[in-house]
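Please walk through this structure with me, starting from one residue and its helix and moving outward to the chain as a whole. The account goes from single positions to pairs of residues, then to the surface and the overall make-up.

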Amino acid sequence: MTNTNSTKKANGAALVPFLVFIVVYLGAGIVLEVMGVDMAFYQFPSPVAALIGIVVAFAMFKGSMEEKFTIFAKGCGNENILTMCFIYLFAGAFSTVASAMGGVDSTVNLGLSIIPAQYITGGMFVIAAFIAVATGTSVGTISAVGPIAIATAEKAGLSLPLIIAAVIGGAMFGDNLSVISDTTIAATKTQGVEMRDKFRINFLIALPAAVIAFIILLVVGKPETAVPLGDLSYDIIKVIPYIVVLVFALIGFNVFITLGAGIILAGIIGMAYGSFSFLGFTQNIYSGFTGMIEIFLLSLMIGGLSEMCDHYGGIQWMLDKIKGFVKSKRTAQAGISALVSLCDIATANNTIAIIIAGTSSKEICETYEVDPRKSASLLDIWSCVFQGILPYSAQVLIACGLTAGMVSPTQLLPLMWYPYLLAVFAVIAMFVPFADGLIKKHPWNFKTWSAEK
């Protein structure tokens with residue numbers, strides 16, 4: 001997934017392989033759902049759908065097989081893709097080992113003994129938001145909070161899809177606003193603005209969406225059935241791995257160090273309590289790895305397919321088409337939003353989407369005098385909106401993967417309150433400048449900005 005530039009020849013047909021993947025992936029699930037097949041969206045393996053798109057790409061693009069495979073492999077080996085893939089493995093291992101040593105039961109019982117069940121769904125949204133703001137990583141947040149949320153939902157009679165959607169929503173809120181997230185860094189760097197200025201504008205758009213989403217989750221997140229909670233005894237020692245993971249995440253430790261420490265602690269406690277032997281510990285780690293294989297393969301394939309679509313001009317075609325519709329300051333903001341949204345749909349990586357759309361967005365800002373602080377906010381907001389709802393995004397895939405097949409990505413679509421509300425307030429902010437107080441108080445000097453470009 002290279003950084004698209006204006007010298008690349010635009011080619012709309014280069015998007016066909018990716019469209020084939022989406023149609024096959026979603027279409028197969030929809031057809032099976034209509035037929036009444038249980039867990040319809042898990043019956044047709046997503047990596048196979050991606051493989052069909054890849055075969056189409058290899059068949060239609062020009063060049064030798066070696067050249068095309070080199071491009072494909074470059075996308076698979078993208079640093080962001082590989083990082084996500086290894087996070088999947090660590091998250092799966094931590095979830096499996098902690099569960100095997102009894103940590104999930106103890107953590108859930110502790111939570112239910114303190115917080116009434118009807119407040120837990122909203123509470124998970126707030127916890128995920130807080131951790132993601134502190135750490136700047138939505139995937140790391142979902143990996144840390146997801147296992148606890150899932151086990152709590154099962155014991156308290158809560159809607160599992162809803163609580164998963166709440167965790168994803170909170171994680172995307174934090175990812176969008178955190179000053180240390182890669183999306184914030186990419187958005188501010190490509191637009192040439194300060195992080196604090198982007199945060200102020202962004203916060204005024206995201207906060208109302210988060211507050212309303214939290215209220216909705218409190219209302220609709222009550223237990224679906226009256227489940228007798230029974231014995232809520234817990235062993236605080238077995239809760240320690242989760243506490244360590246959450247504390248390390250809040251401190252800002254690297255996600256691999258955070259999850260690695262959780263795996264080791266859970267293993268030590270499990271062996272000390274006789275839950276498993278050392279060999280059992282290693283087997284649980286591997287079991288956690290294998291539970292994430294589908295997500296791992298899909299992410300690699302999507303990375304390679306996206307690189308091919310970009311290399312042969314598909315994303316450049318999108319950028320050119322959208323820039324052609326921009327005619328005024330307001331449509332310029334809509335154009336910037338559409339640019340990054342489509343790039344995120346095509347790459348399933350919000351940071352890469354911002355980097356790709358960033359240069360064109362800055363050109364639009366200069367031409368129509370859109371404040372780049374607003375542009376940086378829109379880039380970050382819209383990339384996070386779609387990253388939070390795409391059925392094949394890393395955030396959605398890892399959250400669903402932690403449920404061991406109990407929740408499919410499409411089940412989450414009608415429940416993603418926060419991303420939808422964020423989109424609504426972002427659209428409103430384009431036409432009703434309620435979030436532009438900073439802009440009015442400190443007008444942008446376009447002449448100086450262009451000279452420093």
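In this predicted model, alanine 59 is found in helix α3, which covers residues 46–60, and with a relative accessibility of 65% alanine 59 counts as exposed. Its C-alpha lies 9.6 Å from the C-alpha of proline 17, although the two residues are 42 apart in sequence. The helix that carries alanine 59 has 15 residues and reaches 22 Å from its first C-alpha to its last, which is close to the 21 Å expected at 1.5 Å a residue. Other positions of α3 are buried, namely Ser46, Pro47, Ala49, Ala50, Gly53, Ile54, Ala57 and Phe58, and what covers them includes α1 (16–34), α4 (65–76) and α15 (293–311).

A second position, in helix α11 (residues 195–220), is alanine 210, which counts as buried because its relative accessibility is 8%. Leaving out residues up to four places away in sequence, alanine 210 touches Phe125, Phe173 and Tyr418. For one of these partners, phenylalanine 173, the C-alpha to C-alpha distance from alanine 210 is 7.4 Å, with their positions 37 residues apart in sequence.

Helix α11 also contributes to a charged pair. Lysine 198 forms a salt bridge with aspartate 380, and the closest N and O atoms of the two are 2.6 Å apart. This pair links distant parts of the chain, since lysine 198 belongs to helix α11 and aspartate 380 to helix α19, 182 residues apart. Are the two partners buried or exposed? Lysine 198 counts as buried because its relative accessibility is 1%, and aspartate 380 is likewise buried, with a relative accessible area of 0%.

A search of the whole structure finds 2 salt bridges, and the other joins aspartate 371 to arginine 373, again with the closest N and O atoms 2.6 Å apart. Both members of this pair are buried as well: aspartate 371 has a relative accessibility of 7%, and arginine 373 one of 3%.

Glutamate 369 is placed in the loop between α18 (350–368) and α19 (372–387). Its phi is positive, at about 50 degrees, although glutamate 369 is not a glycine. Such a value deserves a remark because most residues other than glycine have a negative phi. With a relative accessible area of 46%, glutamate 369 is partly exposed, so it falls between the buried limit of 20% and the exposed limit of 50%.

Glutamine 333 sits in helix α17, residues 329–347, and it counts as buried because its relative accessibility is 7%. When neighbours within four places in sequence are set aside, glutamine 333 is in contact with Val370, Lys374, Leu378 and Met430.

The cysteines raise a further point: how many disulfides does the structure hold? There are 0 disulfides, and cysteine 76 illustrates the reason for its own part, because its sulfur is 8.8 Å from the closest cysteine sulfur, that of cysteine 85, which is too far for a bond. A disulfide would require the two sulfur atoms to be within 2.5 Å. Cysteine 76 counts as buried at 14% relative accessibility, and cysteine 400 is buried too, with a relative accessible area of 2%.

On the surface, a nonpolar patch of about 860 Å² is made by Tyr234, Ile236, Ile237, Ile240, Ile243, Val247, Ile251, Phe253, Ile257 and Tyr273. Helix α12, which covers residues 236–251, gives the most to this patch, with 6 residues. Isoleucine 251, one of the patch residues, has its place in helix α12 and is exposed, with a relative accessible area of 54%.

Taken as a whole, the chain has a secondary structure of 24 helices and 0 strands. Buried residues make up 56% of its 453 residues, while the accessible surface comes to about 18200 Å², of which 68% belongs to carbon and sulfur atoms. Among contacts between residues at least 6 apart in sequence, 83% join residues at least 24 apart, and the salt bridge between lysine 198 and aspartate 380 likewise links distant parts of the chain.

Definitions and conventions:
Residues are numbered from 1 along each chain as its sequence is written. This is a predicted model: local features need pLDDT of at least 70, side-chain atom pairs count only at pLDDT 80 or more; totals for chains, interfaces and linings use all residues. Side-chain values use heavy atoms; hydrogens and water are left out. Helices (H or I, at least four residues) and strands (E, at least two) are DSSP runs, numbered from the N terminus. Buried means under 20% relative accessible area, exposed over 50%, partly exposed in between (1.4 Å probe, protein chains only). Contact means heavy atoms within 4.5 Å. Accessible areas come from the Shrake-Rupley method with a 1.4 Å probe; for residues, only the protein chains shown count as cover. Patches are made of residues with over 30% relative accessible area and no salt bridge: like charges are joined within 9 Å, nonpolar side chains (Val, Leu, Ile, Met, Phe, Trp, Tyr) within 5 Å. A salt bridge is a side-chain nitrogen of Lys or Arg within 4 Å of a carboxyl oxygen of Asp or Glu. The expected span of a helix is 1.5 Å times one less than its number of residues.
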